[in-house]
Amino acid sequence: MNENVKRTEKHEQARRSLPENLVPIFDAFVADYKFFATKHHGLPYVSYVVLAEMVTAGWRLVASQKEEYLSKDERPGNK
């Protein structure tokens, strides 16, 4: 994720709560979540603490689903 991205304090807290190896997964999850929240609801509201807990609990985009998932919508960084 671009390090120049502005983050709220809650976003930073959730990000700092994760081990370093999970931060890139969290960042990608946040970007996708923001995209779809905006697409479906018009606003990019995110509960960062919930996403951080999901990543910590083992959430991952399954490799077998990744190609289908990424081809459905154009997301930032997917051009």
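Biologist: Why does Arg-16 count as exposed?

Modeller: Its relative accessibility is 53%. The term exposed applies over 50%, buried means under 20%, and partly exposed covers what lies in between (1.4 Å probe, protein chains only). Arg-16 therefore counts as exposed. Please note that this is a predicted model, in which local features need pLDDT of at least 70 and side-chain atom pairs count only at pLDDT 80 or more, while totals for chains, interfaces and linings use all residues. Residues are numbered from 1 along each chain as its sequence is written, and side-chain values use heavy atoms, with hydrogens and water left out.

Biologist: What makes the meeting of Glu-12 and Arg-16 a salt bridge?

Modeller: A salt bridge requires a side-chain nitrogen of Lys or Arg within 4 Å of a carboxyl oxygen of Asp or Glu. For Glu-12 and Arg-16 the N to O value is 3.8 Å, so the pair satisfies that rule. These two residues are 4 residues apart in helix H1, which means that about one helical turn separates them. Helices here are DSSP runs of H or I with at least four residues, strands are runs of E with at least two, and both are numbered from the N terminus.

Biologist: How do you know that Asp-27 and Arg-15 form a salt bridge, and which elements hold them?

Modeller: Their side chains meet at 2.7 Å, N to O, so the same test is passed. The pair links distant parts of the chain, with Asp-27 in helix H2 and Arg-15 in helix H1, 12 residues apart. Are these partners buried or exposed? Asp-27 is buried because its relative accessibility is 4%, and Arg-15, with 13%, is buried too.

Biologist: Which residues do shared salt-bridge partners join into one network?

Modeller: They are Arg-7, Glu-9, Glu-12 and Arg-16. Within this group, Glu-12 also bridges to Arg-7, with the closest N and O atoms 3.2 Å apart. Arg-7 counts as buried because its relative accessibility is 18%. The whole structure has 4 salt bridges.

Biologist: How is the packing of H1 and H2 described?

Modeller: Helix H1 (residues 9-16) and H2 pack at about 145°, and their axes are 10 Å apart. Axes are lines fitted to C-alpha atoms, for helices over the stretch in contact, and angles between N-to-C directions run from 0 to 180 degrees. Contact, meaning heavy atoms within 4.5 Å, involves His-11, Ala-14 and Arg-15 of H1 with Val-23, Phe-26, Asp-27 and Val-30 of H2.

Biologist: How do you know that the span of H2 agrees with a helix of its length?

Modeller: The expected span is 1.5 Å times one less than the number of residues. For the 19 residues of H2 (residues 23-41) this gives 27 Å, and the end C-alpha atoms are 26 Å apart, which agrees.

Biologist: Why is the pair of Phe-29 and Trp-59 called stacked?

Modeller: There are 2 aromatic pairs in the model. Rings of Phe, Tyr and Trp (its six-membered ring) pair if their centres lie within 6.5 Å; planes under 30 degrees apart are stacked, over 60 edge-to-face, and the rest tilted. Phe-29 and Trp-59 lie 3.8 Å centre to centre with 5° between the planes, so they count as stacked. Phe-29 is in helix H2 and Trp-59 in the loop between helix H3 (48-56) and helix H4 (63-72), so the pair ties together parts 30 residues apart in sequence. Phe-29 is buried at 10% relative accessibility, whereas Trp-59, at 28%, is partly exposed.

Biologist: What makes Phe-35 and Phe-36 an edge-to-face pair?

Modeller: Their centres are 5.0 Å apart and their planes differ by 85°, so both conditions hold.
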